[in-house]
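Hi,

Here is the structure I promised to pass on. Have a look at it first, and my notes on what turned up follow right below.

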Amino acid sequence: QVQLVESGGGLVQAGGSLRLSCAASGRTFSTYYMGWFRQAPGKEREFVSGISYYGSSTYYADSVKGRFTISRDNAKNTVLLQMTSLKPEDTAVYYCAARRGDYSSSPDRYNYWGQGTQVTVSS
């Protein structure tokens with residue numbers, strides 16, 4: 001089992017940057033595929049980015065490709081999401097998630113979730 005805690009959210013102007021961090025408990029962090037999702041008010045939770053066990057493969061939603069970068073440090077049990085050129089439409093609660101197995105963009109495929117961190121981008 002793994003517990004996830006996100007941090008790094010906040011209020012930023014359009015065009016600005018934020019770095020989200022997800023700290024995981026447990027000694028088996030490297031055996032989990034990690035993902036970032038977001039959920040805006042009134043909308044479904046959507047996939048943002050994912051990273052394989054050792055970081056060799058990364059995936060991005062088209063809406064964030066070229067602006068967001070996911071990375072992980074298995075020695076520190078941490079996964080990061082560097083967000084640049086932020087837009088008002090990036091405003092959402094961002095969640096870190098973990099799953100056994102390979103890449104998936106479906107929230108239903110993820111077994112463990114953090115509590116979320118709010119990102120607000122003002123225009």
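The side chain of S49 reaches the backbone oxygen of Y59, at 2.8 Å. Bear in mind for this and everything below that the model is predicted. S49 belongs to strand β5, residues 46-51, and with a relative accessibility of 0% it counts as buried.

There is another serine contact to look at, this one with a backbone nitrogen. S104 sits in the loop between β9 and β10, and a polar atom of the S104 side chain lies 3.2 Å from the backbone nitrogen of S106. S104 has a relative accessible area of 11%, so it falls under the 20% cut-off and is buried too.

Now the charges. Side chains of opposite charge can pair when their charged atoms come close. How many salt bridges does the count come to? It comes to four. Let me walk you through some of them, starting from R38. R38 forms a salt bridge with E46, where the closest N and O atoms are 2.6 Å apart. The two ends of that bridge sit in unlike surroundings: R38 is buried, because its relative accessible area of 5% is under 20%, whereas E46, at 35%, lies between the 20% and 50% cut-offs and so counts as partly exposed.

R38 also meets D90 in a salt bridge, at 2.9 Å from N to O. R38 is in strand β4 (residues 33-39) and D90 in the loop between β8 (78-83) and β9 (92-99), so this pair ties together parts that are 52 residues apart in sequence. Both R38 and D90 are buried.

D90 has a further partner: the side chains of R67 and D90 meet in a salt bridge as well, at 2.7 Å from N to O. This pair links distant parts of the chain, with R67 in the loop between β6 (58-60) and β7 (68-73) and D90 in the loop between β8 and β9, 23 residues apart. R67 and D90 are both buried. Put together, salt bridges that share partners join R38, E46, R67 and D90 into one network.

On to the cysteines. A search of the whole structure finds one disulfide, and it joins C22 to C96, with the sulfurs 2.1 Å apart. C22 lies in strand β3 (residues 18-24) and C96 in strand β9, so the link ties together parts that are 74 residues apart in sequence. For handedness, the angle about the S-S bond is -75°, and the link of C22 and C96 is left-handed. Both cysteines, C22 and C96, are buried.

Strand β3 also has a strand partner. Four bridges join β1 to β3, and the two run antiparallel; within that pairing, S7 stands opposite S21 of β3. Which side chains of β1 are buried, and which are not? In a regular strand the side chains alternate between the two faces of the sheet. Strand β1 (residues 4-7) shows this alternation: L4 and E6 point to one face and are buried, while V5 and S7 point to the other and are not.

The aromatics are worth some time in your viewer. The count comes to nine aromatic pairs. Take Y95 and W113: their ring centres are 6.2 Å apart and their planes are at 80°, so the pair is edge-to-face. Because Y95 is in strand β9 and W113 in strand β10 (residues 112-113), the pair ties together parts that are 18 residues apart in sequence. Y95 is buried, with a relative accessible area of 13%, while W113 has 27% and is partly exposed. Ring pairs also link Y33, F37, F47, Y59, Y95, Y103, Y110 and W113 into a cluster. Y59, whose backbone oxygen is reached by the S49 side chain, is one of the residues in that cluster.

Two arginines sit over tyrosine rings. The charged end of R99 is over the ring of Y110, 5.9 Å from its centre, and Y110 is another member of the aromatic cluster. R100 lies over the face of Y32, at 4.2 Å from the ring centre.

Over to you!

Note on methods
Residues are numbered from 1 along each chain as its sequence is written. This is a predicted model: local features need pLDDT of at least 70, side-chain atom pairs count only at pLDDT 80 or more; totals for chains, interfaces and linings use all residues. Side-chain values use heavy atoms; hydrogens and water are left out. Buried means under 20% relative accessible area, exposed over 50%, partly exposed in between (1.4 Å probe, protein chains only). A disulfide is a pair of cysteine sulfur atoms within 2.5 Å. Two strands pair if DSSP finds at least two bridges between them. Rings of Phe, Tyr and Trp (its six-membered ring) pair if their centres lie within 6.5 Å; planes under 30 degrees apart count as stacked, over 60 as edge-to-face and the rest as tilted. A charge sits over a ring if NZ of Lys or CZ of Arg is within 6 Å of the ring centre and within 35 degrees of the ring normal. A polar contact is a pair of N or O atoms within 3.5 Å; within protein, one must be able to donate a hydrogen and the other to accept it, and residues adjacent in sequence count only if both atoms are side-chain atoms.
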